[in-house]
Amino acid sequence: MPKKKELIEKLCRKPTPKNFTKRELDTLMGKCDCTKFSGGRGSGIGFVHNKTKRVLQFDEPHPGNELYGYQVKKTIQFLKDIGEIK
């Protein structure tokens, strides 16, 4: 299982990675004290940071398994907001 630091480094690569998977996102969010939830419009997924109650939410990428560029950027901003990325 990848370490949190390795996942954050992959997520923050330039140019924006096109191969960051939903599974890697689930792992990273779990390591950042976030709980996954589903909901929203059908294929929505989200994470709530247990300490701050901040929420990251977007539609699940499909048909593929990799996050879209805007989802990567949203995730990076969320991790900055909760103090996981400086």
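Where does Pro-15 lie? I looked this up before anything else and found Pro-15 in the loop between H1 and H2, helices and strands here being DSSP runs numbered from the N terminus (H or I of at least four residues for helices, E of at least two for strands). The peptide bond that leads from Lys-14 into Pro-15 is cis, with omega near -5°.

I note the conditions of the work: this is a predicted model, in which local features need pLDDT of at least 70 and side-chain atom pairs count only at pLDDT 80 or more, while totals for chains, interfaces and linings use all residues. Residues are numbered from 1 along each chain as its sequence is written, and side-chain values use heavy atoms, with hydrogens and water left out.

**Entry: other backbone values**

I found a cis peptide bond from His-62 to Pro-63 as well, with omega near 10°, and Pro-63 has its place in the loop between E3 and H3. Most residues other than glycine have a negative phi, and most peptide bonds are trans. I therefore wrote down Asp-33, which has a positive phi near 65° although it is not glycine. Asp-33 sits in the loop between H2 and E1, just after H2, and at 39% relative accessibility it counts as partly exposed (buried means under 20% relative accessible area, exposed over 50%, partly exposed in between, with a 1.4 Å probe and protein chains only). Lys-53, in the loop between E2 and E3, also has a positive phi near 65°, and at 54% relative accessibility Lys-53 counts as exposed.

**Entry: H1 against H2**

I next took the pair H1 (residues 4–11) and H2 (residues 22–31), whose axes come within 10 Å and cross at roughly 125°; the axes are lines fitted to C-alpha atoms, for helices over the stretch in contact, and the angles run from 0 to 180 degrees between N-to-C directions. H1 and H2 are therefore oblique to each other, given that angles under 35 degrees count as roughly parallel, over 145 as roughly antiparallel, 65 to 115 as roughly perpendicular and the rest as oblique. The crossing of H1 past H2 is left-handed, that is, the near helix is turned anticlockwise from the far one by less than a right angle, clockwise being right-handed.

On the H1 side, Lys-4, Leu-7, Ile-8, Lys-10 and Leu-11 meet Glu-24, Thr-27, Leu-28 and Lys-31 of H2, contact meaning heavy atoms within 4.5 Å. Sorted by class, this contact has four nonpolar, one polar and four charged residues (Ala, Val, Leu, Ile, Met, Phe, Trp, Tyr, Cys and Pro count as nonpolar, Asp, Glu, Lys and Arg as charged, and the others, Gly among them, as polar).

I then looked at Lys-31 alone: it is partly exposed, with a relative accessible area of 34%, and, not counting residues up to four places away in sequence, Lys-31 touches Met-1, Pro-2, Lys-3 and Lys-4.

**Entry: H2 against H3**

How do the axes of H2 and H3 cross? They come within 12 Å and cross at roughly 5°, and that makes H2 roughly parallel to H3. Leu-25, Leu-28 and Met-29 in H2 meet Thr-75, Phe-78 and Leu-79 in H3, a contact with five nonpolar, one polar and no charged residues.

Thr-75 of H3 is buried, with a relative accessible area of 0%. Leaving aside neighbours within four places in sequence, I find Thr-75 in contact with Leu-11, Leu-25, Met-29, Leu-56 and Phe-58.

I also listed the buried residues of H2, which are Lys-22, Glu-24, Leu-25, Thr-27, Leu-28 and Met-29. These buried residues pack against H1, strand E1 (34–38), strand E2 (44–49), strand E3 (55–59) and helix H3 (69–81).

**Entry: cysteines**

How many disulfides does a search of the whole structure find? The search finds zero, a disulfide being taken as a pair of cysteine sulfur atoms within 2.5 Å. The sulfur of Cys-12 has its closest cysteine sulfur in Cys-32, 11 Å away and too far for a bond. For Cys-32 the closest cysteine sulfur is that of Cys-34, at 5.9 Å, which is again too far for a bond. As to accessibility, Cys-12 is partly exposed with a relative accessible area of 28%, whereas Cys-32 is buried at 1%.
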